[in-house]
Amino acid sequence: MVATKNALAHLAALITYPDDGYLERLRDCGVTLARENPTASGTLQPFIDYSAMLDAPGLEEFYTRTFDINPTCCLEVGWQLYGEEYERGSFMVKMRKALRETGLRESTELPDHLCHVLPLLDRLDPVDAAGLANACVLPALDKMIAGFAGKDNPFERVLKTIRSVMQDRYSATSGGNPNG
């Protein structure tokens with residue numbers, strides 16, 4: 001089990017748009033996972049190996065093709081749960097408020113993007129985090145992963161690693177409905 005306080009924030013860096021430090025963050029995450037969660041590390045390692053073979057523009061193109069062009073694999077939790085329904089807007093408002101209240105800054109991504117939601121889980125009260133994880137994030141991750149079916153896309157391993165770490169952290173806890 002990844003016990004590091006900011007483990008999910010560390011993993012969130014792997015699903016942000018790749019920049020110059022992406023491969024370094026990826027390798028650091030692999031080292032941390034190998035020490036703290038060998039099962040999750042084993043899931044992530046082929047992605048690390050694949051990414052190391054790409055140059056920066058190749059990695060950026062791969063990320064864009066995977067997440068920005070293909071809506072079934074998009075990284076917005078609210079979109080995965082609610083599509084274009086009104087409830088997504090309400091969910092995004094709650095995520096934006098929670099990010100602000102916990103001192104997390106939004107990037108250019110929407111507030112329900114996984115790169116924002118994962119660090120938020122690290123900062124929420126454990127009961128609230130478990131509620132958000134079990135009611136929203138894990139079901140959204142399952143839909144994202146299902147979007148990779150039959151595509152043999154290495155990014156699927158990143159999402160499976162995140163899901164594995166979250167299941168380890170939140171499987172013994174439960175919480176209320178974050179939309180309630």
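Begin by selecting Thr66, which, leaving aside residues up to four places away in sequence, touches Cys73, Phe148, Asn153 and Phe155. The model on screen is a predicted one, and in it Thr66 counts as buried because its relative accessibility is 4%, under the 20% cut-off. Colour the helix around this residue next: Thr66 lies in helix H4, which covers residues 56–68.

From H4, move to helix H2 by selecting residues 22–36, a run of 15 residues that reaches 21 Å from its first C-alpha to its last, close to the 21 Å expected at 1.5 Å a residue. Show the side chains of its buried residues, which are Tyr22, Leu26, Cys29, Gly30, Thr32, Leu33 and Glu36. Then bring up their surroundings, since these buried residues of H2 pack against helix H1 (7–12), H3, H4 and H9.

Two of those partners are the next stop: select helix H3 (residues 38–52) together with helix H9 (residues 155–170), whose axes come within 8 Å and cross at roughly 165 degrees. Because angles over 145 degrees count as roughly antiparallel, H3 is roughly antiparallel to H9. The crossing in which H3 passes H9 is left-handed. To display the contact itself, pick Ala40, Gly42, Thr43, Leu44, Pro46 and Phe47 on the H3 side, and Phe155, Arg157, Val158, Lys160, Thr161, Ser164 and Val165 on the H9 side. Coloured by residue class, this contact of H3 with H9 divides into 7 nonpolar, 4 polar and 2 charged residues.

Finish on Phe155, which belongs to the H9 side of that contact and is also one of the residues touched by Thr66, where the tour began.

Definitions and conventions: Residues are numbered from 1 along each chain as its sequence is written. This is a predicted model: local features need pLDDT of at least 70, side-chain atom pairs count only at pLDDT 80 or more; totals for chains, interfaces and linings use all residues. Side-chain values use heavy atoms; hydrogens and water are left out. Axes are lines fitted to C-alpha atoms, for helices over the stretch in contact, and angles run from 0 to 180 degrees between N-to-C directions. Helices (H or I, at least four residues) and strands (E, at least two) are DSSP runs, numbered from the N terminus. Angles under 35 degrees count as roughly parallel, over 145 as roughly antiparallel, 65 to 115 as roughly perpendicular and the rest as oblique. A crossing is left-handed if the near helix is turned anticlockwise from the far one by less than a right angle, and right-handed if clockwise. Contact means heavy atoms within 4.5 Å. Ala, Val, Leu, Ile, Met, Phe, Trp, Tyr, Cys and Pro count as nonpolar, Asp, Glu, Lys and Arg as charged, and the others, Gly among them, as polar. The expected span of a helix is 1.5 Å times one less than its number of residues. Buried means under 20% relative accessible area, exposed over 50%, partly exposed in between (1.4 Å probe, protein chains only).
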